[in-house]
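Please look over the model shown here. A brief report on its strands, rings, charges and surface is given below it.

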Amino acid sequence: MQLWLVGVFLILLLMVRCAAQEEIPNKGCVCGHPGIPGDPGHNGAPGRDGRDGLRGDKGDRGATGPAGLKGKRGENGDLGHPGKMGPQGIQGFVGPKGNKGELGLPGLQGPKVGGKGEKGDASVVFKSAFSVGLSAQSKLPAANAPIRFDKIIYNQQNHYDPQTGRFTCSVAGAYFFTYHITVFSRNVKVALMKNGAKLLHTTDNYQGSEDQAAGGAVLHLEAGDKVWLQVSGGELFNGLYADDDDDTTFSGFLIF
C-alpha cells in the first residue's frame, strides 16, 4: 500500500514540473546536467503467497543412502515344519567305556520248574555247654584238686559233674572255657587243667580289699577228655570267694 502511494506522489510531482516548464518562455538557456540519482526507496512489504502450483512429474530415483543403525532383534517366529531326513552319516569312533550304572531293581520271581525234592537226612546238631559257680559253702576250695562248683547255672546236657568238678567231653570239637573269680581274704592262683595237664595259669594278690581275676581259652577236645579248674600253690592261694553279692564262676561250651 505504501509503495502505491509513493508511486502516485512521484507521478503528480512529475506532472507539476512539466506544466511549470511549459509556462516559462524559452530564453535560449541551456539546461544543466542531470542531478545525482536519489537513494533507493525502502523495500516494500512482502506480497501475499501465491496459489499452489500443479503437482510436478515424479523425479528420478536418488542414490542409495548410507546404511542405518542395526535395529533391535525381532521376536522369534513360529517353529517351522521338520525337514526331510538327511542321509546317514559315517559311523564315528567307539567312545570310552562309561561309568558303571546303579544297581537295578530286583527282577520278578521266575516260575517253579522242578517239583519238590525228596526229604533229606536231617543233620544232627551236637550241643554241649555248662555254667557253674561257687556258693557260700564251697568258697575257699581245697588246693591241688578239682574245684567243685556246686551252684548250677546251666548244665542241660549234664556234661559237667558237680560231684567231681570235672567237665567230660562227649562230642569232639573246639570248646571255649572261661572263669571269673572274686578274690577276697587270700591270694589266688588257679590253673585250667586238661586230663591232668596245666594249660593256663591265673594269679592275683589280695591287697586288703575285694578284687577280680579272670581267664579263658579255646581247647580242642576229643570224646572222653576231661577239663577242670583247680587251686595251684597251696592253701595260701585259694582266695576264691562267693556270697549273696559276689560270684566265682566256671563256664564252657562247644563252638564247632
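The report starts with the overall fold and then turns to single contacts.

**Overall fold**

This is a predicted model. The protein has one helix and 10 strands. The helix comes at the N-terminal end of the order, and the strands follow it. Of the 256 residues, 23% count as buried.

**Strand β10 and its partners**

Strand β10 covers residues 249-254. It pairs with β1 (residues 129-133) in the antiparallel sense, over five bridges. Within that pairing, Ser131 has Ser251 in β10 as its bridge partner. Strand β5 also runs antiparallel to β10, and six bridges join the two. Here Tyr175 stands opposite Leu254 of β10. In a regular strand, side chains alternate between the two faces of the sheet.

**Aromatic contacts**

The model holds 12 aromatic pairs. One of them is Phe177 with Phe250, a stacked pair. Their ring centres are 6.4 Å apart, and the planes make an angle of 25 degrees. That angle is under 30 degrees, so the pair counts as stacked. Phe177 belongs to β5 (residues 173-194) and Phe250 to β10, so the contact ties together parts that are 73 residues apart in sequence. Phe177 counts as buried because its relative accessibility is 0%. Phe250 is buried as well, with a relative accessible area of 0%.

Which residues make up the aromatic cluster? Phe130, Phe149, Tyr160, Phe167, Tyr175, Phe177 and Phe250 form it. Tyr175 thus appears in two settings: it is a cluster member, and it stands opposite Leu254 in β10.

A charged side chain also meets a ring. Arg166 lies over the face of Trp228, at 4.7 Å from the ring centre.

**The salt bridge**

Side chains of opposite charge can pair when their charged atoms come close. How many salt bridges does a search of the whole structure find? It finds one. Lys151 and Asp247 form this contact, with the closest N and O atoms 3.0 Å apart. The pair links distant parts of the chain, 96 residues apart. Lys151 is in strand β2 (residues 151-154), while Asp247 is in the loop between β9 (238-241) and β10. Lys151 counts as partly exposed because its relative accessibility is 38%. Asp247 is also partly exposed, at 34%.

**Surface patch**

Val218, Phe253, Ile255 and Phe256 form a nonpolar patch on the surface. Together they have about 430 Å² of accessible area. Phe253 lies in β10. At 38% relative accessibility, Phe253 counts as partly exposed. Phe250, in the same strand, is buried.

**Loop residues with positive phi**

Most residues other than glycine have a negative phi. Two residues listed here have a positive value.

| Residue | Phi | Citation |
|---|---|---|
| Leu140 | about 50 degrees | positive, not a glycine |
| Asn158 | about 60 degrees | positive, not a glycine |

Leu140 is in the loop between β1 and β2. It is partly exposed, with a relative accessible area of 28%. Asn158 is in the loop between β2 and β3 (160-161). Is Asn158 buried or exposed? At 59% relative accessibility, Asn158 counts as exposed, because the cut-off for exposed is over 50%.

**In short**

Strand β10 recurs through this report. It pairs with β1 and with β5. Phe250 in β10 stacks on Phe177, and Phe253 in β10 is part of the nonpolar patch.

Note on methods
Residues numbered from 1 in each chain as written. Predicted model: local features only at pLDDT ≥ 70, side-chain atom pairs only at ≥ 80, totals over all residues. Heavy atoms only, no water. Patch = residues over 30% accessible without salt bridge, like charges linked within 9 Å, V, L, I, M, F, W, Y side chains within 5 Å. Areas by Shrake-Rupley, 256 points an atom, 1.4 Å probe, with all protein chains shown as cover. Salt bridge = Lys/Arg side-chain N within 4 Å of Asp/Glu carboxyl O. Helix = DSSP H or I, 4+ residues; strand = E, 2+ residues; numbered from the N terminus. Buried < 20%, exposed > 50% of the residue type's maximum accessible area, 1.4 Å probe, protein only. Phe/Tyr/Trp six-rings, centres within 6.5 Å; stacked < 30°, edge-to-face > 60°. Lys NZ or Arg CZ within 6 Å of the ring centre and 35° of its normal. Pairing = 2+ DSSP bridges.
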